[in-house]
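The following paragraphs lead through a single protein model, from one enclosed space outward to the chain as a whole. Please keep the sequence and the structure in view while reading.

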Amino acid sequence: MNTTFSLAPREAVTQLRLSKIREVANAGLSRTDVLPFWFGEPDEVTPSFIRDAASASLAAGETFYSHNLGLLELRATLAGYLTGLHGRTFTADSVAVVSSGVNALMLAAQAIISPGDKVVCVTPLWPNLVEIPKILSATVQCVPLRFDVSGWQLDLQALLDALTPDVKLVMINSPNNPTGWTLSRDDQIAVLAHCRKLGIWILCDDAYERLVFDADTKNAPSFLSLATDKDRVVSANTFSKSWLMTGWRLGWLVAPTEFIDALGKLIEYNTSCTPVFIQRAGVVAVREGESVIARTRERYKAARDRLSAGLNNLPGVIAPPAPGAMYTFFKIEGLRDSLQLCKRLVTEADLGLAPGVAFGDEGEGFVRWCFASELPRLDDGISRFADFMRK
């Protein structure tokens with residue numbers, strides 16, 4: 001009997017949406033004449049003092065496995081960093097070092113979510129966060145932000161109404177990719193109180209917490225400043241954005257000690273551990289990298305202001321400056337197909353941007369532009385976009 005079996009993976013995987021950012025980028029990655037602003041990545045290499053620490057570790061022969069949860073030195077360094085940042089005492093026992101920020105999100109989701117669980121996400125949102133629960137056979141409900149000429153705002157009551165007793169987890173990225181929206185302290189207090197009452201887990205994607213443009217603060221408001229050791233709050237973070245380390249794939253999780261103790265098992269069955277030489281670079285980045293963060297914030301703020309001003313000068317474009325992160329998520333009046341527009345920008349304007357629909361249906365009609373760039377390069381991109389729009 002001839003029986004043909006499907007070679008496809010399980011249905012939950014085949015139904016995951018493809019990245020529309022990659023769909024656009026793949027059409028132009030091989031072209032040197034395209035100005036790429038589609039990925040969330042700085043245009044400069046990791047500082048030399050961080051690279052030197054990794055080189056020294058390799059030269060010393062540190063090429064063996066490490067503890068599942070990471071080097072104690074890095075965990076303790078991160079705990080001290082978080083204590084200073086959030087005004088609450090953290091210890092190494094509350095920190096796990098992992099292989100990138102997205103790995104942190106996946107591990108946290110694996111530790112919390114069971115098949116059939118309900119997860120709530122605030123959107124528009126980086127697609128990885130919305131799709132991760134689906135990989136684990138959970139259902140996702142989206143609560144959209146509202147947009148007007150002043151920027152993006154949360155309908156707090158809509159979020160609280162969505163957080164019903166049958167919800168297992170709420171995922172919040174603030175400052176947000178792609179909008180730059182940043183959850184206020186008052187709204188955090190309300191969300192935390194509501195989730196405490198119902199036993200809902202909060203998973204914070206804090207990748208951009210240091211990339212805020214208010215000169216009077218070192219970081220965005222954080223649930224870590226409010227939570228206690230008994231709260232169901234997990235923070236996922238990364239070295240990628242604050243310390244210009246996107247290619248290093250180094251991140252961490254902060255959670256109650258009981259959660260971290262069990263997390264080591266998941267790390268073992270996912271990646272086993274993070275390479276020692278990369279962790280050595282992480283130690284140096286945290287201890288000596290505040291000047292890097294300060295310079296990056298200053299540079300990005302100038303780029304953000306330049307980009308918003310240039311875009312707002314164009315008819316039909318609304319581009320309010322974002323309070324955080326590294327993106328301008330701008331509206332084009334009358335735009336119905338952002339994916340097609342971005343593909344045309346590659347072929348007709350030699351310009352690489354990310355379609356708003358890549359971040360959910362709420363993002364249709366918008367385009368994301370990463371402004372982590374030197375000003376002359378950004379000006380060139382604005383000029384190309386303006387020429388395209390005039391045509």
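How do the residues of the lining of the largest cavity divide into nonpolar, polar and charged? The model in which this is asked is a predicted one. Five of the lining residues are nonpolar, two are polar and one is charged. By name, the residues around the largest cavity are I172, S174, L183, Q188, C204, D206, P221 and F223. The volume of this cavity is about 40 Å³, and the count of cavities of 30 Å³ or more comes to one.

Among the lining residues, Q188 deserves a separate look. Q188 belongs to helix α8. With a relative accessible area of 2%, Q188 is buried, the cut-off for that class being under 20%. Along the chain, Q188 and F223 are 35 residues apart, while 6.6 Å separates their C-alpha atoms. Both Q188 and F223 are part of the cavity lining.

The strands come next. Strand β7 covers residues 167-173, and six of its seven residues are buried, so the strand is largely enclosed by the rest of the structure. Strand β3, residues 118-123, runs parallel to β7 and is joined to it by four bridges. Within this pairing, V119 has L169 of β7 as its bridge partner. Strand β8, residues 201-205, is also paired with β7 in the parallel sense, here over five bridges. L169 appears again in this second pairing, where its bridge partner in β8 is W201. Between β7 and β8 the chain passes through helix α8, residues 185-198, and the resulting β-α-β crossover is right-handed. Helix α8 is thus both the connection in this crossover and the helix that holds Q188.

A separate sheet is built in another way. Strands of a sheet pair through backbone hydrogen bonds, in either a parallel or an antiparallel manner. In this case four strands make an open sheet with antiparallel pairing, in the order β11-β12-β15-β14. The edges are taken by β11 (317-318) and β14 (354-355); each has a single partner strand, so one side of each is left without a neighbour in the sheet. Strand β12, residues 327-332, pairs with strand β15, residues 366-370, through five bridges in the antiparallel sense. Across this pairing, T328 stands opposite W369 of β15.

From the enclosed cavity the view can turn to open space. The largest pocket holds about 800 Å³. Its lining comprises 34 residues, and those nearest the centre of the pocket are V102, W126, N128, K241 and R249. By class, the pocket lining has 16 nonpolar, ten polar and eight charged residues. At least two lining residues come from each of α2 (20-25), α5 (101-112), α6 (127-135) and β9 (233-238). Of the elements, α6 gives the most to this lining, with five residues.

The chain as a whole remains to be described. Its secondary structure amounts to 13 helices and 15 strands. Of the 391 residues, 55% are buried. Along the principal axes, the C-alpha atoms fill a box of roughly 60 × 60 × 55 Å. What radius of gyration does the protein chain have, beside that of a compact globule with 391 residues? The chain has 21 Å, which agrees with the value near 21 Å for such a globule.

Definitions and conventions:
Residues numbered from 1 in each chain as written. Predicted model: local features only at pLDDT ≥ 70, side-chain atom pairs only at ≥ 80, totals over all residues. Heavy atoms only, no water. Buried < 20%, exposed > 50% of the residue type's maximum accessible area, 1.4 Å probe, protein only. Pairing = 2+ DSSP bridges. Right-handed = clockwise from strand over helix to strand, strands pointing away. 1 Å grid on protein atoms, 1.4 Å probe; cavity = no way out; pocket = protein on both sides within 12 Å on 5 of 7 lines; lining within 4 Å. Points joined across faces, edges and corners; volume = space filled by probe spheres on them. Nonpolar A, V, L, I, M, F, W, Y, C, P; charged D, E, K, R; others polar. Rg over C-alpha atoms; globule rule 2.2 N^0.38 Å.
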